[in-house]
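Dear colleague,

Here is the structure I promised to pass on to you. Please have it open while you read the notes below it.

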Amino acid sequence: MKLFSSVNDVPDINAIVKEALHLKQFPYAYKNLGENKTVALVFLNPSLRTRMSTQKAALNLGMNVMVLNLDKEGWALELQDNVIMNGNTVEHIREAAAVMGQYADIIGVRSFPGLKNRDEDYSEMIFNKFVQFCGVPVVSLESATRHPLQSLADLVTIEELKTRTRPKVVLTWAPHVKALPQAVPNSFAEWMCRADVDFTITHPTGYELCTDFTKGATITHNQDEALADADFIYVKNWSAYEPYGKIFPPDENWMLTNDRLKITNKAKVMHCLPVRRDLELSSEILDGENSIVVHEAANRVWAAQAVLKRMLEGIG
Ligand code: CP
């Protein structure tokens, strides 16, 4: 594997889920695979889970890890070609990515969208320029439009905890006070549309996701209808795709409570975290027996380890 940026980079999602669960059982089975190999984790935005879980995954494989908080510690990057760099940018991504590729065998990149220019965000300009210029395998640590390590961990969690062969999985929009990216719901949707699950998306009018990610999903504006008989509920806020990056006055009724869970099949509640308590998701759910958010976050290690293992095997 040379690139992990979306579900399309994985030929067999069942096989990689199985591999992640195997690594969960035997974390150090491949502790020599990454000997003398280095992964550089490059962050242009904050992170707790992605940074720590990917670092732990790499250490389990015997790799060296370098972390660069590029937004705070690096030079201001120029992304455009054919510009005279007489402004605030100090280093072009062409040199920066190429140099990082000299120090690392694998590079992980996190770059959020600006949520101002949809075409620019959905072209994945920053992530793709790293891929273009670094010369080594690249793993997405969340890009403008997708968060594949999160989605793989989510699928691992569903596979691990499901109680029927084809569970009903519901992605529900939740209230928030800020405009958040569509990366997590886009990514979750495209992974669920490829998985053996009965998948429904529910959100208020105006929060339709880009249809490139939702083909095959049932979509409804009626949250109760969506939640009926659900086995897993994935809670997440996102801003509008059209008009891009906009938010509307939040409808607090969309926040999940224990009362709303009564119509589900004792649904397990997921969230990628971080979560704003009693805004996005109620404390009673987060502190209750239905919440699997910490379990889900723990599975980030095995998702990352499966991906890094495949990349290391590709490097030889
Ligand atoms: N879920 C997730 O990616 O968390 P972080 O932003 O803390 O990495």
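What follows is an account of the ligand, its surroundings and the pocket that holds it.

Please keep in mind throughout that this is a predicted model. The ligand is surrounded by Ser47, Leu48, Arg49, Thr50, Arg110, His147, Gln150, Cys272, Leu273 and Arg300, and by residue type this shell divides into three nonpolar, four polar and three charged. Domain 1 (3–146 + 300–315) and domain 2 (149–297) each contribute at least three residues to the shell.

Three polar contacts may interest you in particular. A polar side-chain atom of Ser47 lies 2.7 Å from an oxygen atom of the ligand, and a polar backbone atom of Leu48 is likewise 2.7 Å from a ligand oxygen atom, whereas on the nitrogen side a backbone N or O atom of Cys272 lies 2.9 Å from a nitrogen atom of the ligand. Of the 250 Å² of accessible area that the ligand has on its own, the protein covers 93%.

As for the site itself, the ligand takes up space in the largest pocket, which holds about 510 Å³ of space. That pocket is lined by 24 residues, of which Phe112, Glu142, Leu180, Leu273 and Pro274 are the closest to its centre. The lining comprises 11 nonpolar, five polar and eight charged residues. Because domain 1 (3–146 + 300–315) and domain 2 (149–297) both give residues to this lining, the largest pocket lies between them.

With best wishes

Key
Residues are numbered from 1 along each chain as its sequence is written. This is a predicted model: local features need pLDDT of at least 70, side-chain atom pairs count only at pLDDT 80 or more; totals for chains, interfaces and linings use all residues. Side-chain values use heavy atoms; hydrogens and water are left out. A residue is near a molecule or strand if one of its heavy atoms lies within 4 Å of it. A polar contact is a pair of N or O atoms within 3.5 Å; within protein, one must be able to donate a hydrogen and the other to accept it, and residues adjacent in sequence count only if both atoms are side-chain atoms. Accessible areas come from the Shrake-Rupley method with a 1.4 Å probe; for residues, only the protein chains shown count as cover. On a 1 Å grid over the protein atoms alone, a cavity is a set of points where a 1.4 Å probe fits but cannot get out, and a pocket is an open set with protein on both sides within 12 Å along at least five of seven lines; lining residues have an atom within 4 Å of a point. A molecule sits in a cavity or pocket if more than half of its atoms lie within 2 Å of its grid points. Ala, Val, Leu, Ile, Met, Phe, Trp, Tyr, Cys and Pro count as nonpolar, Asp, Glu, Lys and Arg as charged, and the others, Gly among them, as polar. Domain bounds come from an automatic or database domain assignment. Grid points are joined across faces, edges and corners, and a volume is the space filled by probe spheres set on the points.
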